[in-house]
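Here are a few notes to help you find your way around this model. Please have the viewer open, and take the points in order.

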Amino acid sequence: MKMSRSVLGIAVVVAVLGSVYVGCAETNTPPVPVWRANPVGAGVRCAETNTSPVRSSIPYVATRHDTVRDMLWMANVGKDDVVYDLGSGDGRIVIAAVRDFGARRAVGIEIDPELIRESRENAHKAGVTDRVEFIQGDLFTNDFRQASVVTLFLGHKPNIRLRPKMFSILKPGTRIVSHQFGMGEWQPDKTLTVRTVFLGMVGEMWNPFMDNPHVPDYTGNESHFGRSDTLLIWIVPAPVAGIWRGKIETSQGPQDCQLIFHQRLSRVGGTFQISGQTKLAGDVHADIWGNHVRFWCTLDAMPMPYGQFEMRFDGHVNGDTMQGTLAVSEKDRLHESAWEAKRDKANFAGTWEWPCASGTRSVKLRIERRDSHLVATYQDRDQAVPVTDFYDCGGGFYFTLLIGRQGDGVRITEDTGWLIGEGVLDHGALRGTIEFYPYGDMHGVPGGREASRPVIQNWAPRLIKP
Ligand SMILES: C[S@@+](CC[C@H](N)C(=O)[O-])C[C@H]1O[C@@H](n2cnc3c(N)ncnc32)[C@H](O)[C@@H]1O
């Protein structure tokens with residue numbers, strides 16, 4: 001059975017409304033016709049990529065001007081910012097960023113040459129041509145690493161496709177603001193419901209994982225068509241996964257402290273261990289905001305007679321160095337001091353093997369370093385599937401893979417489902433969690449309900465080939 005999950009854009013609306021032009025609900029300006037006749041007169045304009053044979057299904061729907069202001073306000077755009085609008089339409093976000101928010105520079109990347117022409121004309125009328133640039137091209141292949149703010153109004157699927165690139169090329173702290181569409185299990189740092197929508201874009205058709213917050217198919221944080229307009233913001237996190245080591249001062253003298261940070265996009269947590277007399281160990285709870293890290297530690301068990309112990313940190317990560325202030329409280333003693341930890345170097349390259357969640361065979365993940373980037377391939381039987389949603393988090397990595405994807409749809413077998421993995425390299429051993437969310441019996445897979453239960457396991461794959 002094949003299930004199509006293509007981005008629908010506005011085709012559905014057009015089918016209902018025929019050739020009627022639909023205006024975005026503007027507060028101060030008259031309605032702007034946003035549905036344009038395409039060559040076949042369907043009343044919708046879809047961009048076609050020139051650089052790729054794949055037709056882009058992201059339609060042109062303009063963000064209302066008041067929502068443009070809300071997006072730029074949410075991103076706190078100011079004079080030092082470089083704003084990129086990916087799929088910039090008639091240039092309204094780009095122009096407003098410099099004209100109304102004083103951004104240093106703003107750039108639009110847009111595939112449609114007609115919209116590029118219109119944007120340049122609009123920039124000319126607004127008197128901002130010296131601070132804006134419109135690049136006619138594909139947003140998936142053009143570079144936007146200079147951005148300090150990225151704006152999106154694209155769709156769930158394009159957002160998911162963009163996120164590994166955004167994570168890897170954007171500086172930690174870069175703000176990503178999306179109009180309406182989320183990024184699956186990468187939960188936004190903040191969501192705003194700004195107003196009621198008149199007509200927007202429809203994201204995706206139903207899929208069995210739209211309510212599952214653990215997988216990229218999750219659409220629970222997106223507004224529903226016709227109800228509200230949602231804006232979402234993510235702060236690009238620094239890659240902080242790995243093993244961090246530093247010395248801490250305790251009442252028993254200086255001791256070695258080791259922290260293991262596991263990272264899933266903006267979610268960070270882990271464990272700590274203090275060697276020496278106290279031998280304390282427990283969990284680390286962390287918050288990450290760009291390269292700003294705060295963590296606090298809780299003990300697994302209270303070692304008698306050592307008594308109460310707490311450790312809190314507030315500081316920054318820069319590459320493999322973490323620096324800030326560490327507060328250690330033991331019984332009645334609080335010791336606060338400047339603190340530094342260094343991260344172990346990690347090299348994941350190689351072929352890693354572990355038992356498959358949906359069968360009795362082994363499966364593999366091959367990780368290679370190409371042009372300073374990690375490239376991963378999932379191998380099962382004689383099939384090799386590129387893992388495009390892969391994140392190098394420094395001393396660890398995170399990935400998601402929809403097994404069974406076929407073109408724009410999904411071919412359902414007992415192996416079909418989301419495979420989600422996260423690991424940290426500890427002295428050559430990879431340790432983390434592997435999760436498998438099967439499509440299960442909903443689609444007639446043999447095995448009944450058991451088959452559709454997620455399998456969440458500690459992950460300790462074996463390195464079989466460096
Ligand atoms: C929903 S509109 C958003 C326009 C504008 N950002 C706004 O909010 O008013 C999406 C835009 O992305 C453009 N687009 C679609 N695929 C693209 C691609 N592969 N590269 C660049 N632009 C693309 C479309 O032509 C369209 O103008």
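1. A word on the whole chain to begin with. Of the contacts in the protein chain with a separation of 6 or more, 58% are between residues 24 or more positions apart. The chain holds five helices and 32 strands, and 41% of its 466 residues count as buried.

2. Please keep in mind that this is a predicted model. The average pLDDT of the protein chain is 84, and 80% of the residues score at least 70. Two stretches call for care. Over residues 1-55 the pLDDT stays under 50, and the model has 108 contacts beyond four places in sequence for them. Residues 442-448 also stay under 50, with 14 contacts beyond four places in sequence.

3. Now to a helix worth a visit: is α3 mostly covered or mostly open? Helix α3, residues 92-99, is mostly covered, with seven of its eight residues buried. The buried ones are R92, I93, V94, I95, A96, A97 and V98. What do they pack against? Their partners include two helices, α2 (65-74) and α4 (113-126). Strands β5 (82-86), β6 (105-110), β7 (132-136) and β8 (149-152) are packed against the buried residues of α3 as well.

4. Moving along the chain, look at strands β22 and β23. Strand β22 (residues 362-370) runs antiparallel to strand β23 (residues 373-380), and seven bridges join them. One pair to pick out is I367, whose bridge partner in β23 is A376. The two strands form a hairpin with two residues between them, and D371 in the turn has a positive phi of about 45 degrees.

5. Strand β23 has a further partner to look at. Five bridges join β23 to strand β24 (residues 383-387), again in an antiparallel arrangement. Here T377 stands opposite P386 in β24. This hairpin, too, has two residues between its strands, and R381 takes a positive phi near 50 degrees.

6. Last, an open sheet. Its five strands come in the order β25-β26-β29-β30-β31, with antiparallel pairing. Which strands lie at the edges? They are β25 (389-392) and β31 (455-459), each of which pairs on one side only. From one strand to the next, the twist averages 10 degrees.

7. To see one edge of that sheet in detail, follow β25 to its neighbour. Four bridges join β25 to strand β26 (residues 396-403), and the two run antiparallel. Within this pair, D389 stands opposite T400 in β26.

Definitions and conventions
Residues numbered from 1 in each chain as written. Predicted model: local features only at pLDDT ≥ 70, side-chain atom pairs only at ≥ 80, totals over all residues. Buried ≥ 20, exposed ≤ 12 C-beta atoms within 10 Å, placed from the backbone. Contact = placed C-beta atoms within 7 Å. pLDDT = per-residue confidence, 0-100. Pairing = 2+ DSSP bridges. Axes fitted to C-alpha atoms, helices over the stretch in contact; angles between N-to-C directions.
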